[in-house]
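Visitor: I am new to this structure and would like a close look at one part of it. Please start small and work outward from there.

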Amino acid sequence: MNIRIKFRKYGPMKFISHLDVMRYFQKVIRRADIDVCFSEGFSPHMIMSFASPLGVGLTSDAEYVDIRVNTSPSSKEAVRRMNETMAEGMEVVSFRLLPMNSKNAMSIVAAADYEVRFRKGREPEEGWLERWKEFILQPEIHILKETKKGHQETDIRPWIYDWSVTDGGLFLKVSAGSVHNLKPELLMQTFGAWAGMDLPAAALLIHRKEIYADQGTEGKRKLISLEGLGENIG
């Protein structure tokens with residue numbers, strides 16, 4: 001049985017690296033008595049795959065890890081057991097059964113939602129919002145992307161799927177995953193350089209809201225949350 005777990009990461013846990021999160025979940029699964037499957041061979045390990053590593057210092061409402069289990073309690077019971085073992089700053093939101101032929105979360109990530117705000121005292125200069133609208137409405141937005149062969153100029157405008165202004169910040173829906181992964185830090189730094197504003201990553205508060213797979217066909221995008229691809233176990 002393939003299971004997808006959705007969890008939140010916030011507060012003090014935002015400073016924990018992805019590697020530490022992996023180790024943490026292994027302990028949580030054991031303590032919650034989840035009947036997880038292990039790989040074969042001389043060094044068995046839990047069959048586990050995370051969707052998209054979250055940068056240190058970022059918070060999120062939508063992190064995902066896929067596991068394989070032999071047997072499973074109900075979704076409600078599994079969430080309860082796991083949250084009883086969780087430290088402050090980490091919370092399981094859902095525990096869902098995936099179809100038999102489903103791909104793991106890491107391989108299907110296509111987009112993500114983010115909220116971007118500014119740290120107190122690090123807000124951009126007055127008039128930044130008008131400059132942002134001018135910047136984001138350009139038909140092309142170029143960056144210098146580092147590759148194995150050196151630096152290559154890349155147009156990231158097609159990777160920005162949606163945006164809107166929120167109370168004191170921005171909402172962004174951008175491309176994510178192994179093919180085109182647009183980090184909101186990079187987008188904001190590109191905007192800062194274009195507008196002549198100092199917007200270092202340290203000035204930003206970035207919160208991931210959701211991660212999506214693309215279930216569209218014939219080039220038509222149809223984004224569905226990774227959670228929405230599974231169903232609750234009764």
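Is Asp33 buried or exposed?

Guide: Asp33 is exposed, because its relative accessible area is 59% and exposed means over 50%. Keep in mind that this is a predicted model. Asp33 sits in the loop that joins α1 to β2 (48–50). Its phi is positive, near 60°, and Asp33 is not a glycine.

Stay in that loop for a moment. Ile47 belongs to the loop between α1 and β2 as well. Ile47 counts as partly exposed, because its relative accessibility is 25% and that falls between the 20% and 50% limits. Leave out residues up to four places away in sequence, and Ile47 touches Val36, Cys37, Phe38, Ser39, Asp66, Ile67 and Arg68. The C-alpha atoms of Ile47 and Asn2 are 9.8 Å apart, with their places 45 residues apart along the chain.

One of those contacts, Ile67, leads us on. Ile67 lies in strand β3. Its relative accessible area is 3%, so Ile67 is buried. Its contacts beyond four places in sequence are Met1, Asn2, Ile3, Ile5, Ile29, Ile34, Val36, Ile47, Met48 and Phe95. Arg4 is 63 residues away from Ile67 along the chain, yet 6.5 Å separates their C-alpha atoms.

Asp61 is in strand β3 too. Beyond four places in sequence, Asp61 touches Lys6, Phe7, Arg8, His207, Arg208 and Lys209. Compare Asp61 with Ala105: they are 44 residues apart in sequence, and their C-alpha atoms are 16 Å apart in space.

Next, the strand pairing around β1. β1 and strand β4 (residues 90–97) run antiparallel, joined by seven bridges. Lys6 faces Ser94 of β4 in this pairing. β4 also pairs with strand β12 (residues 231–232), again antiparallel, through two bridges. There, Leu97 has Glu231 of β12 as its bridge partner. In a regular strand, side chains alternate between the two faces of the sheet.

Now look for enclosed space. The structure has one cavity of 30 Å³ or more. The largest cavity holds about 90 Å³. Its lining consists of Phe7, Lys9, His18, Val21, Phe50, Ala51, Ser52, Pro53, Leu54, Glu63 and Tyr64. Three elements give two or more residues each to this lining: β1 (2–9), α1 (18–31) and β3 (59–68). By type, the lining has seven nonpolar, two polar and two charged residues.

Then there is open space. The largest pocket has about 270 Å³. It is lined by 17 residues, and Ser52, Pro53, Asn181, Lys183 and Arg208 are the closest to its centre. Ser52 and Pro53 are also in the lining of the largest cavity. Arg208, for its part, is one of the contacts of Asp61. β5 (109–118) and α5 (184–195) each give at least two residues to the pocket lining. That lining divides into nine nonpolar, five polar and three charged residues.

What about the nonpolar interior? In soluble globular proteins, nonpolar side chains tend to be buried together. Here the largest nonpolar core has 37 residues. Trp132, Met188, Phe191 and Leu226 have the most contacts inside this core. The elements that supply two or more of its residues are β3, α3 (105–108), β5, α4 (128–136), β9, α5 and β10 (204–214). β5 gives the largest share, five residues. Phe191 shows some of the links: beyond four places in sequence, its contacts are Trp128, Arg131, Trp132, Phe135, Met197 and Leu199. Another core lies apart from the largest one. That other core has 26 residues, including Phe7, Ala78, Met82 and Val92. Phe7 has appeared before, in the lining of the largest cavity and among the contacts of Asp61.

One last stop is a hairpin. Strand β8 (residues 160–166) pairs with strand β9 (residues 169–175), antiparallel, over six bridges. Thr166 stands opposite Gly169 of β9. Two residues lie between the strands of this hairpin, and Gly168 has a positive phi near 85°. We began with another positive phi, that of Asp33 in its loop.

Terms used:
Residues are numbered from 1 along each chain as its sequence is written. This is a predicted model: local features need pLDDT of at least 70, side-chain atom pairs count only at pLDDT 80 or more; totals for chains, interfaces and linings use all residues. Side-chain values use heavy atoms; hydrogens and water are left out. On a 1 Å grid over the protein atoms alone, a cavity is a set of points where a 1.4 Å probe fits but cannot get out, and a pocket is an open set with protein on both sides within 12 Å along at least five of seven lines; lining residues have an atom within 4 Å of a point. Grid points are joined across faces, edges and corners, and a volume is the space filled by probe spheres set on the points. Helices (H or I, at least four residues) and strands (E, at least two) are DSSP runs, numbered from the N terminus. Ala, Val, Leu, Ile, Met, Phe, Trp, Tyr, Cys and Pro count as nonpolar, Asp, Glu, Lys and Arg as charged, and the others, Gly among them, as polar. Two strands pair if DSSP finds at least two bridges between them. A nonpolar core is a set of buried Ala, Val, Leu, Ile, Met, Phe, Trp, Tyr and Cys residues joined through side-chain atoms within 4.5 Å. Buried means under 20% relative accessible area, exposed over 50%, partly exposed in between (1.4 Å probe, protein chains only). Contact means heavy atoms within 4.5 Å.
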